[in-house]
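Work through the exercises below with the model open beside you. Each task is followed by a stepwise solution.

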Amino acid sequence: MGYIIRRILIAIPTLFIVVTIAFVMIRVAPGDPAEARLGDYATKEAVEALQEEMGLNVPIWLQYLRFLKGLLQGNFGRSILNGKPISNDLKTAIPYSLELMFTGIVFGVLLGIPLGIYTALRRNALPDYMGRAFSLIGLSFPSFYLGILLLLVFAIKLHLFPVVGGGDLHNLGDNLSHLFLPAFTLGLIMTAYITRVTRSSILEVLNEDYVRTARSKGLRERIVIYKHVLKNALLPVTSLVGVYSIVLIGGSIMVEIVFSRPGVGKMMIGAMKQRDYTTLQAVVAVYASFVVILNLLTDLIYGVIDPRIKRGR
Amino acid sequence: MAEEVSQRRKIMGIFFKNRTAIIGAIITLIIILMAIFAPWISPHDPLEQDVYHRLTPPEHSHPLGTDMYGRGVFSRVLRGMQISLLVGILSVLGGMIIGAGVGMVGAYKGGKVEAILMRAIDILMSFPDEVLGIMIMIVLGSGLFNVILTITILMIPRFARLAHAPTLAVKEEDYITATISVGANDLRTIARHVLPNIFGEILVMSTLWLGTAIRVEASLSFLGMGVAPPTPTLGGMIRDGVDYLGYAPWVSLFPGLAILIIVFAFNMIGDGLRDITDPKLYT
């Protein structure tokens, strides 16, 4: 329990700093939000009135405090563009992004770990070469390009899946048919990463003395692999899955754009194109929390698998 | 007998690893030559529009087809490759110099300086490349120089982390304490002893991160925030082609293939080098 609390306490300042960076960067960016919303021909009075309405006429530190206070209450402020509360948009967008990321990670783990184990145990044989070539190609693929290829083949040519959109979240079949291709795109890239680290982690453990001891005791190879190798080899893989999931979060933005999925990434790019700075700052805060939560989860899982960590080293 | 087989396997393994690096290097060389000689290889001006040949499929005069303005995709891919390589190489170089410097200074100074620097790096690393890249590009605005600067900033924390730990280790060595105590210029001493130690790893990671840098550039220009049109970028060309995917897929497919091949070649070099420099995988 102490371990969990410690991890959470470490996560809070990170989140705070990241949100602050988002706030500052948006303020540094060129262009006045009020002017941007009203267009080039707005009168000075109109701009000032809008600035007051948007809370931009107060000193920057007060804006910052109000922003933080809002965040704590789950209130992200209003969009510069249309004046609507950003929280509403986020509420509809976040589930689309979360299910995409989650499915992508699950895909990657379920395919990558067995593939990594298999290739490591057949090191320098044909399956190993093929597995390594596959993972190296996967690592080289920009997620949006892989998405476009899958879209072209499976949606446009073969008509197996809907071309774009996010589907209805409350209709399971519709939701899954829209989710499959984007999640598979991210999952394949994730598989490439995980296969690779699993393979090298297992190869490393195979060289350890305790494996040699286990073998020389006359234990059956199967038991050596299951009881001694896998258990130790999969520990570092867990923490790397966390690291690669950050890559996957970045990839999810691109994939949402390719498949026109109405998630947070699409919201972010839309806000960026329209210079909707308040939405942008909210979205960046959301992504930062995704990363922080993800790191926390990785730490916790790691703590569960490896009891040594919990004892506070 | 078993001994001999494993020996042969080992040699085969090393050969394969070397071969990966060598094939990667050959592809990279071809790509660089193509980028350098692009003006002479290109059958058309990459910016020249030709309304009579819009979206023509690959044929003799347009080896990779034309886009919606009748511009030759092949000529544009060559120009895009120049941009990608330029951005990739310069930003990795910049990130390497600044990042390794930051990592070494942090480890050397210790105390508060180190704590602050490494904390900043942790925070930068906790952003996905796309999110941080987009934020920086919004502040800086688009343009070739700003793209290079943005990706340099993304590379700095990676190199800083890489240089940090080995510097700490070297700093503890007795001979360093000895040279410093006799009045040697300390930071320079550290650099002189650390750099040779981490040079191999920096080289390996640089080639891998070159691939990353080129991929990030492509992502940014795909989103429309990289180098501004009409200058062709590979990512921008893919985005242009998305609307015509159903009946003119070549507009998107070939620029994407170019990115894939470039990144793959760098990854092959890095992967081959890593296996050679990583003795753990040998025994």
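Helices here are DSSP runs of H or I with at least four residues, and strands are runs of E with at least two. The model is predicted.

**Exercise 1. Describe the secondary structure and extent of chain A.**

Step 1. Count the elements: chain A has 13 helices and 0 strands.
Step 2. Read them along the sequence: the pattern is α-α-α-α-α-α-α-α-α-α-α-α-α.
Step 3. Take the box along the principal axes: the C-alpha atoms of chain A fill roughly 85 × 55 × 35 Å.

**Exercise 2. Characterise the packing of chain A.**

Step 1. Start with burial: of the 313 residues in chain A, 39% are buried.
Step 2. Take the contacts with a separation of 6 or more: 71% of them in chain A join residues 24 or more positions apart.
Step 3. Find the largest nonpolar core: it has 148 residues, and A:Val283 and A:Tyr287 have the most contacts inside it.
Step 4. List the partners of A:Val283, leaving aside neighbours within four places in sequence: A:Val264, A:Met267, A:Met268 and A:Ala271. The cut-off for a contact is 7 Å between C-beta atoms.

**Exercise 3. Break down the contact between chains A and B.**

Step 1. Size each side: chain B gives 37 residues and chain A gives 35 residues.
Step 2. Locate the side of chain B: helices H1 (2-36), H5 (129-140), H8 (186-222), H9 (234-242) and H10 (250-277) of chain B each supply at least two residues.
Step 3. Pick the main contributor: H10(B) gives the largest share of that side, 9 residues.
Step 4. Sort by class: the side of chain B that touches chain A has 21 nonpolar, 10 polar and 6 charged residues.

Technical notes. Residues numbered from 1 in each chain as written. Chains lettered and ligands numbered in written order. Predicted model: local features only at pLDDT ≥ 70, side-chain atom pairs only at ≥ 80, totals over all residues. Contact = placed C-beta atoms within 7 Å. Nonpolar A, V, L, I, M, F, W, Y, C, P; charged D, E, K, R; others polar. Buried ≥ 20, exposed ≤ 12 C-beta atoms within 10 Å, placed from the backbone. Core = buried A, V, L, I, M, F, W, Y, C linked by C-beta atoms within 7 Å.
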